[in-house]
Amino acid sequence: GVQTCALPISVVVLSAKQADPLARAATDYVDRGLIPEEALAATSMERSGKGLDLSLEAEKNSWKVKATPPRAADDPTVGGILARLNNLRVEKVSGWKANWAPADLAPFGLDNPEATVTVKGTAGGKPVTRILQIGKVADAKTGARFVRANGPLVGILNPELSKDLTMDAAQFDDRTVARVSNIIRATCVRDGRTVEFAASAQGWIVEKPVESAAEPGLESFIASMASYRADSWLGASTEEQVKALGLDKPVVTWTFTDGAGNQLAKLEVAAARPDGKSAARVSGQARLFLLNAPAVARLREEYRWRSLFFSPVDPAVIKELRVQPQEGAGVALSRREGPWKRTDKADAKVDAATVDETVRAITRLRFVRFEKDAGATDAAYGLDKPFALVALNRQPILRVGGLVPGSKDRYARIERQPREVFVVAAADVELLARSADDYAKPPRDPVPPAMTETPKP
């Protein structure tokens with residue numbers, strides 16, 4: 001008879017890293033490419049679906065919404081979507097069939113797509129049409145949707161593009177909310193303060209409530225008003241909407257005028273949402289809109305000059321430093337006769353790098369914001385019993401006062417300007433108000449050693 005032999009059976013233990021590839025589904029090995037890599041020079045984009053109808057066409061170097069009459073589309077939005085469609089890949093393959101029946105597409109919401117996007121144009125000099133079908137939400141947490149390009153592959157589209165391809169048609173309208181030029185004056189009302197800026201031969205300056213230099217960033221902000229953009233549209237500016245969004249009580253208002261005092265634009269911003277975005281409105285614009293977090297931060301920026309000194313100060317010119325904290329002994333340091341040493345306690349150890357760090361912090365100090373431009377009293381800000389007094393080269397420079405409510409930052413003022421109060425960041429206060437003993441310790445942020453060139457052989 002025929003002899004048979006049984007193969008030995010062995011059991012081995014694989015690590016998770018080794019076992020994972022063996023446990024993958026067949027769809028994990030399918031090519032995730034949905035749209036060809038070849039760039040398409042688009043001439044039109046049509047979207048149809050469940051209340052999402054939209055028609056766009058290229059006109060010279062811009063896009064138009066096909067309507068009666070045609071209106072400008074938002075070029076950055078349209079261009080960004082088209083760029084991402086080239087060489088589009090799904091995040092995950094959900095299925096692959098040479099021929100899909102409607103019943104098989106139903107679980108993905110692709111038997112009756114949420115939206116069908118058709119892009120026409122040229123690629124390689126030839127006319128090309130690309131069709132993308134957007135299905136139901138695949139991941140409720142991220143908003144990612146099922147997608148198909150009218151072919152065998154069904155996959156999950158990334159959340160950002162899923163959102164952009166199904167957003168309301170109004171979001172494709174030009175998001176430029178203001179085009180303001182020839183601004184000569186600007187007034188900002190924020191946190192109970194009104195600051196008036198004016199253009200001058202030397203650049204932008206503060207005129208009221210005090211005369212001062214303005215931050216360099218103000219010029220670029222003013223320039224941005226020539227084509228000011230919203231993050232998205234919110235809807236018609238009705239009294240109910242204005243109140244619902246908090247724009248009846250704006251937290252920031254900017255008013256721009258020309259040289260004759262004529263108002264060019266007024267921009268009002270509501271309190272920020274948890275994501276940092278804010279609802280806003282501008283004069284002459286029929287719709288309310290949303291501003292992204294960086295734009296909101298820029299509108300709330302402190303544009304009055306915020307440096308302790310108006311011109312750069314070389315730390316090397318600082319020969320003496322005196323600090324008197326609220327508690328404990330003060331410290332007096334000098335390098336007039338060599339390295340840094342304590343003049344109030346000659347035998348005390350001093351780490352010169354720590355003194356240098358404090359001097360740098362003072363000469364480069366930037367305020368968080370101004371709290372009171374004029375008429376301040378020391379007692380209202382804890383400056384009558386200062387947390388620390390700082391003097392450079394025997395000249396009193398800075399008085400640091402009480403804590404800002406809900407923060408570790410502190411109020412402060414320049415010794416020669418008793419009626420103006422500003423806020424100093426907690427990290428800077430930590431350096432400015434060091435105790436006498438702290439100067440014997442290494443610096444908080446050591447300066448990396450200077451790189452030396454390696455001698456050539």
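Trainee: Why is the second largest space of this kind, about 60 Å³, called a cavity?

Mentor: This is a predicted model, and the name rests on a probe test. A 1.4 Å probe fits in a cavity but cannot get out. The second largest cavity holds about 60 Å³, and it counts because the cut-off is 30 Å³ or more.

Trainee: How many cavities does that rule give?

Mentor: Two.

Trainee: What makes up the lining of the second largest cavity?

Mentor: C188, R190, R193, V195, F197, W254, E301, E302 and Y303. Strand β12 (193-200) gives the most, three residues. Strand β11 (185-190) also supplies at least two.

Trainee: How do you know which of those residues are charged?

Mentor: Arg and Glu both count as charged, so R190, R193, E301 and E302 fall in that class. That agrees with the tally of four charged, five nonpolar and no polar residues.

Trainee: What is the volume of the largest cavity, and what lines it?

Mentor: Its volume is about 110 Å³. I35, L40, A42, L82, L85, N86, V117, V119, R130, I131 and L132 line it. Helix α2 (75-85) and strands β6 (115-123) and β7 (126-137) each give two or more residues. β7 gives the most, with three.

Trainee: Which residue of that lining is the polar one, and why?

Mentor: N86, because Asn is on neither the nonpolar nor the charged list. R130 is the charged one, since Arg is on the charged list. The other nine are nonpolar.

Trainee: Why is the space of about 320 Å³ called a pocket?

Mentor: A pocket is an open set, so the name tells you that this space is not closed off. The largest pocket has 16 lining residues, and K163, D164, R175, D231 and S232 lie nearest its centre. Two or more lining residues come from each of α2, α4 (159-166) and β20 (287-291). Seven lining residues are charged, five nonpolar and four polar.

Trainee: What lines the second largest pocket?

Mentor: L308, F309, F310, I318, L392, Q395, I397, I414, R416 and Q417. The space is about 190 Å³. By class, seven of these residues are nonpolar, two polar and one charged.

Trainee: How do you know where confidence is high or low?

Mentor: From pLDDT, which averages 90 for the protein chain. Strand β8 (145-148) is highest at 97, while helix α1 (16-22) is lowest at a mean of 69. Over residues 451-457 the pLDDT is below 50, and this stretch has zero contacts beyond near neighbours in sequence.

Note on methods
Residues numbered from 1 in each chain as written. Predicted model: local features only at pLDDT ≥ 70, side-chain atom pairs only at ≥ 80, totals over all residues. Heavy atoms only, no water. pLDDT = per-residue confidence, 0-100. Helix = DSSP H or I, 4+ residues; strand = E, 2+ residues; numbered from the N terminus. Contact = heavy atoms within 4.5 Å. 1 Å grid on protein atoms, 1.4 Å probe; cavity = no way out; pocket = protein on both sides within 12 Å on 5 of 7 lines; lining within 4 Å. Points joined across faces, edges and corners; volume = space filled by probe spheres on them.
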